[in-house]
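Q: I would like a close look at one part of this protein, followed by an account of how other parts of the model compare in their contacts and exposure. Please take it step by step.

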Amino acid sequence: MYKQKETGIETEVDPRLAFAREEKKHVHDFRQRFDGSSTAYQVLHGVDLSGKYALITGSNVGIGYETAKSLARHGCKILFANRNMESTQKAIKEIVKETNADEENLKAVHLDLASLESVKKCALSVETLFSSHLDIVILNAGVFGIPYMLTEDNYETTFQVNHLSHMYLALLLEPLLKKGSRVVFVSSESHRFAYLKDAFRNETLEVTEEQYRYVMAYNNSKLFNVITAKILSEEWKSKGISVNSVHPGNMVSSELSRSWWFFRLAFFLVRPFTKSLQQAAATTVYVATYWDLENVTGLYFNNCFYCEPSALASNKEIGAEIFRISLNMIETRMGGDLIQKYIDKYNLNTDERK
Ligand SMILES: NC(=O)c1ccc[n+]([C@@H]2O[C@H](COP(=O)([O-])OP(=O)(O)OC[C@H]3O[C@@H](n4cnc5c(N)ncnc54)[C@H](OP(=O)(O)O)[C@@H]3O)[C@@H](O)[C@H]2O)c1
């Protein structure tokens, strides 16, 4: 007879067998346990996240909201890093109502990814507002299909919101990450259609207004997500910090299509054939929490399993160049404060290559 200490429940079968774990010989010995139809709740079945601290960007709506809700349901403490505080408070109330999560565990911080200053302010306030360390960081926020617009830093908006600001945020959060922490960049299969022909001209990765195509801007930003995750995974491997990127699903009904009625219609028409928000959150939740992925780093995941990214995303030279230019673009606006070691290292590596 087995008796659970906390609840006093008695069973004749060892309850731990329900969630038995195999011994792994190598970090990368993990097999497929879920697929494209799995939900975040299925991935989290039997998982206790109490005592874990997560920061999630873009968590007031869409896939980010579903991700936050799923983690909160399992006891995770969450910092919602969003630009719309009113909608974030509503989202928190909704999650508490739906999951019975403790409202004390769900906090919000303002983050506008169209402002590098806001990114810095957000990163530096995490410790006082929330926690001295983060177990999970999910860089999920994103825009798609928007017209050409400049941010307050004078960079093209899709480029900065989806890539540059998230990269800066990850770098600034590094002191809060520890052995076992996991960082997830929410990318997209769209990264396969990136086009970098003019990317290295003039030391800038964004395009001019004349060259701007919203789909290409999105595809490129998603490629930069995969590349940034890969580079940071190598940078932080020795510290035991895992960094991976994921594709949540194709044309998932969220707010992503809000920029144009045509996108709204297209997303609505394909709705019966695409993933639900619960399914779309599954891969992120899997990579952020699953025990089998402990120390697994530098990979790209789709449908809750490892998947080979595009050839461009796997090209080390191009990756290093993109990382270097991005660092220099951040430095131009914000100075090298807190990221100087990376600026020096990547510029030095380029000089050596010349
Ligand atoms: N939906 C899909 O089919 C699909 C497919 C592949 C990849 N993805 C990726 O999945 C992620 C989540 O997308 P989603 O479908 O859930 O889209 P969504 O519903 O539109 O959510 C996007 C989130 O990003 C936030 N955001 C946008 N601009 C921001 C800014 N300047 N500063 C801070 N936050 C900002 C939004 O906040 P506001 O509410 O304040 O605007 C919202 O919380 C994105 O990275 C997207 O590229 C989605």
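Is Phe-262 buried, partly exposed or exposed, and why is it classed that way?

A: In this predicted model, Phe-262 has a relative accessible area of 41%, and because buried requires under 20% and exposed requires over 50%, Phe-262 is classed as partly exposed. The residue is found in helix H7, which covers residues 261-270. Phe-262 belongs to a nonpolar surface patch that it forms with Trp-260, Trp-261, Leu-265, Phe-268 and Leu-269, and together these residues have about 700 Å² of accessible area.

Exposure can also be followed in a loop, where Ser-238 lies between helix H6 (214-236) and strand S8 (242-247). Ser-238 has a relative accessible area of 73%, so this serine counts as exposed. Its C-alpha atom is separated by 9.0 Å from that of Lys-179, although the two residues are 59 residues apart along the chain.

Turning to the ligand, 31 residues surround it, and the closest are Asn-60, Arg-83, Tyr-218, Val-252 and Ser-254. A polar side-chain atom of Arg-83 lies 2.7 Å from an oxygen atom of the ligand, whereas Leu-113 places a polar backbone atom 2.8 Å from a ligand nitrogen atom. Glu-255 likewise has a polar backbone atom 2.8 Å from an oxygen atom of the ligand. Of the 890 Å² of accessible area that the ligand has on its own, the protein covers 97%.

Charged side chains form a further set of contacts, since side chains of opposite charge can pair when their charged atoms come close. The model contains 14 salt bridges, and one of them joins Lys-345 to Glu-235 with an N to O distance of 2.8 Å. Lys-345 lies in helix H12 (residues 340-353) and Glu-235 in helix H6, so this pair ties together parts that are 110 residues apart in sequence. Lys-345 is partly exposed, at a relative accessible area of 35%, while Glu-235 counts as buried because its relative accessibility is 18%. Elsewhere, salt bridges with shared partners join Glu-66, Lys-69 and Glu-98 into one network. Within that network, the side chains of Lys-69 and Glu-66 meet at 2.9 Å, N to O, and both of these residues lie in helix H2 (residues 62-73), three residues apart, or about one turn of the helix. Lys-69 and Glu-66 are both buried.

Terms used:
Residues numbered from 1 in each chain as written. Predicted model: local features only at pLDDT ≥ 70, side-chain atom pairs only at ≥ 80, totals over all residues. Heavy atoms only, no water. Helix = DSSP H or I, 4+ residues; strand = E, 2+ residues; numbered from the N terminus. Buried < 20%, exposed > 50% of the residue type's maximum accessible area, 1.4 Å probe, protein only. Patch = residues over 30% accessible without salt bridge, like charges linked within 9 Å, V, L, I, M, F, W, Y side chains within 5 Å. Areas by Shrake-Rupley, 256 points an atom, 1.4 Å probe, with all protein chains shown as cover. Salt bridge = Lys/Arg side-chain N within 4 Å of Asp/Glu carboxyl O. Near = heavy atom within 4 Å. Polar contact = N/O pair within 3.5 Å; in protein donor to acceptor, adjacent residues only side chain to side chain.
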